Amino acid sequence: MASQQQKVQAYQVPWSDPVLGAGHDFESVTAGIGDVVLEQRHPKGWWVGFGIGFILLNVFMMAVTWLFVEGTGIWGVNNPVGWAFAIINFVWWIGIGHAGTLISAILLLLNQDWRTSINRFAEAMTLFAVVCAGLFPVIHTGRPWLAFWLFPFPSTMELWPNFRSPLVWDVFAVATYATVSLLFWFVGLIPDFATLRDRAKSIVPKKIFGILALGWRGSTLHWDRYEEAYLLLAGLSTPLVVSVHSVVSLDFAISLIPGWHATIFPPYFVAGAVYAGFAMVLTIAIPLRIGYNMKDFITDRHLDLMGRVMLATGLFVDYGYATEAFMSWYSANNYETFMMTNRMGGPSGWAYWALILCNFAAIQPLWLKSVRSSATALFIVAMFVNLGMWLERYVIVVTSLQHDYMPSAWGIYYPTMWDVMTFVGTIGLFVTLIFLFIRFLPVISIFEMRTLVPGAELKEGARH
Amino acid sequence: MHAATQSTFGVMAEFETPDQFVAALRKTRAAGYTKFDGYSPMPVHGASEAMGLPKNPVGLMVLIGGIVGGLSGFALATYVSVVAYPINIGGRPLFSWPAFIPPIFETTVLFAALTAVFGMLAINGLPLPYHPVWNVPGFARASTDRFFVCIEAADPKFEVASVKSFLSGLGPRSVSEVAA
């Protein structure tokens with residue numbers, strides 16, 4: 001009997017950790033998050049981080065300026081590898097974005113209150129990742145000023161996009177995803193803008209937040225409709241996020257290249273996206289909670305739960321790798337079999353094994369509670385995952401295209417410095433946007449944190 | 001009292017806890033007032049029920065938005081593929097609707113989401129640059145830690161003195177008249 005009780009207690013331990021540190025009330029939650037924006041002087045670390053991001057952003061500006069002057073010939077792409085860094089980076093970034101939507105939408109629908117303190121910056125991360133992702137198809141056109149040709153519109157050329165092409169589906173999917181992510185994020189910010197408007201002491205922030213708050217006054221009638229709209233947006237975002245990465249995977253799967261033409265691609269890509277995204281959330285959350293002393297809001301329980309999600313989705317991805325290897329053998333198709341042996345032992349074999357190291361071996365320590373409860377260990381694992389998911393796309397895109405059917409048409413892809421600068425540059429863009437967001441907007445949803453404060457839930461008697 | 005009604009938006013009471021707030025809303029409704037509203041720093045569950053709000057129309061609006069979006073996507077893909085730019089690829093049918101499903105799905109979600117956000121703002125009358133409730137001293141805390149109930153002058157039962165004494169009976173921190 002006693003041992004059974006102990007068992008029950010042991011099982012409950014991870015769930016009994018609070019999602020909000022003790023001793024908080026409405027005022028302290030509001031001040032703890034909102035005043036970072038309004039008052040607190042920003043630590044030196046902010047300037048360092050922003051500075052690094054801004055320098056890398058300038059690298060990006062140089063790389064794309066030269067690209068626009070010279071054309072895509074400055075990149076390493078050529079036949080047979082016509083898609084390389086641009087699509088790798090596109091898929092990598094858009095995948096990172098998906099965890100933000102998952103956290104804010106699916107966890108909201110599942111009533112997981114631990115999402116509250118991480119959903120805002122996860123949504124911001126989504127938005128900025130989609131910005132970085134969206135740049136790649138546009139600059140890959142080589143003539144970005146004509147990128148609007150991607151959309152269907154009655155032009156004087158009487159040309160229309162082909163609705164049977166996954167590349168056109170991709171335009172619809174990514175454009176919708178960017179729009180809905182922006183709306184979701186902005187709607188979540190409206191009540192917090194009102195808080196900042198009411199708390200701002202100087203006139204400029206008061207005016208700016210006043211405009212952004214749209215006249216929000218916390219009316220019960222408004223909250224009623226607001227919550228319904230927010231919940232519906234979450235419900236809409238959930239299938240959307242699945243559809244977006246499925247469509248991205250169809251860019252590959254609908255073609256006939258061995259290594260791309262596989263039905264496992266949509267679910268395997270979606271799992272990979274969530275996995276990569278959680279790694280990026282951890283990459284941002286761990287320094288953030290130290291730098292801004294927000295351990296009460298982003299607690300050890302959050303890190304533990306995110307570690308679990310990362311492990312679970314990582315195992316889905318590993319299942320995808322195993323399926324690819326199995327199917328290439330089971331298909332008894334020469335080209336499929338060759339694709340897999342070439343992927344493992346060919347000229348880019350190093351990338352495959354590095355990917356297995358990052359996405360399979362490096363996540364196994366997450367089975368241990370001690371690893372999931374150590375911020376440093378989680379940060380290191382997350383870094384492996386960030387790298388591993390980039391390598392995954394590199395392996396899929398580059399090794400498949402290098403050696404497809406006819407040996408006379410094979411080739412090897414080497415990136416140029418412009419490829420690398422463009423990629424590193426988008427990391428700069430992302431970092432710059434994240435630091436600006438931390439400086440100028442509340443990184444945690446204040447009004448949702450208030451609902452976690454003791455006393456926010458009605459007492460039983462008052463309900464009836 | 002008529003003069004007061006014209007320059008007054010209503011009478012507002014300030015509460016400290018969600019419990020008092022919801023109880024006040026319920027009692028206000030029970031007392032027969034119809035034009036009143038609560039103001040709180042976060043959604044308080046139970047407040048809508050206490051106020052007796054009817055089911056809001058957001059869900060229906062989003063459903064209609066989604067249906068319109070889906071039909072628009074279908075119409076666009078069909079028009080482009082069949083009428084505007086028919087491409088004969090080995091005699092395959094022009095009206096290849098299964099290939100249109102992904103973009104149709106996306107336009108459905110897009111229209112539904114736009115309806116959810118802009119529809120919600122529209123029926124809430126936002127954006128709104130000015131509202132009388134902001135005239136109440138201390139109302140700024142409605143976005144931090146205070147809860148307010150305002151009975152409006154538009155209420156047929158409204159009469160400043162009686163409303164003030166009614167609200168004072170609910171145990172508020174303070175009661176004040178809201179200038180229009």
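1. Domains of chain B. In this predicted model, chain B is divided into domain 1, made of residues 9-52 together with 132-179, and domain 2, residues 58-123. Domain 1 of chain B is therefore assembled from two stretches of sequence, while domain 2 is given as a single range. The C-alpha centres of domain 1 and domain 2 of chain B are 45 Å apart.

2. Overall dimensions of chain B. The radius of gyration of chain B is 25 Å, whereas a compact globule of 180 residues would have one near 16 Å. Along the principal axes, the C-alpha atoms of chain B occupy a box of roughly 85 × 35 × 30 Å. Of the 180 residues in chain B, 43% are buried. Among contacts in chain B with a separation of 6 or more, 80% involve residues 24 or more positions apart.

3. Secondary structure of chain B. Chain B contains six helices and four strands. Their order along the sequence is α-β-α-β-α-α-α-β-α-β.

4. Strand β2 of chain B. Strand β2(B) pairs with β3(B), residues 147-152, in the antiparallel sense over four bridges. Within this pairing, B:D37 stands opposite B:C150 of β3(B). Which residues of β2(B) point one way, and which the other? B:F36 and B:G38 point one way, B:D37 and B:Y39 point the other way, and all of them are buried. In a regular strand, side chains alternate between the two faces of the sheet.

5. Contact between the chains. The contact takes 58 residues from chain B and 53 residues from chain A. On the side of chain B that touches chain A, the elements giving two or more residues are α2 (18-30), β2 (36-39), α3 (47-51), α4 (58-84) and α5 (101-123) of chain B. Helix α5(B) provides the largest share of that side, 14 residues. By class, the side of chain B that touches chain A has 39 nonpolar, 15 polar and four charged residues. Strand β2(B) thus appears in two settings: it pairs with β3(B), and it is listed among the elements of chain B that touch chain A.

6. Overall dimensions of chain A. Chain A has 17 helices and zero strands. Its radius of gyration is 24 Å, which agrees with the value near 23 Å for a compact globule of 464 residues. The C-alpha atoms of chain A fill a box of roughly 80 × 70 × 45 Å along the principal axes. Buried residues account for 48% of the 464 residues in chain A. Of the contacts in chain A between residues at least 6 apart in sequence, 83% join residues at least 24 apart.

7. Helix α3 of chain A. Does the length of α3(A), residues 44-70, agree with what is expected, or disagree? At 1.5 Å a residue, its 27 residues should span 39 Å, and the end C-alpha atoms are 39 Å apart, so the two agree. The buried residues of α3(A) are A:G53, A:L56, A:F60, A:A63 and A:L67. An α-helix has 3.6 residues a turn, so residues three or four places apart point the same way. The cover over the buried residues of α3(A) includes α5 (116-140) and α15 (417-440) of chain A. Just after α3(A), A:G71 takes a positive phi of about 95°.

Definitions and conventions. Residues numbered from 1 in each chain as written. Chains lettered and ligands numbered in written order. Expected span 1.5 Å × (residues − 1). Buried ≥ 20, exposed ≤ 12 C-beta atoms within 10 Å, placed from the backbone. Contact = placed C-beta atoms within 7 Å. Nonpolar A, V, L, I, M, F, W, Y, C, P; charged D, E, K, R; others polar. Rg over C-alpha atoms; globule rule 2.2 N^0.38 Å. Pairing = 2+ DSSP bridges.
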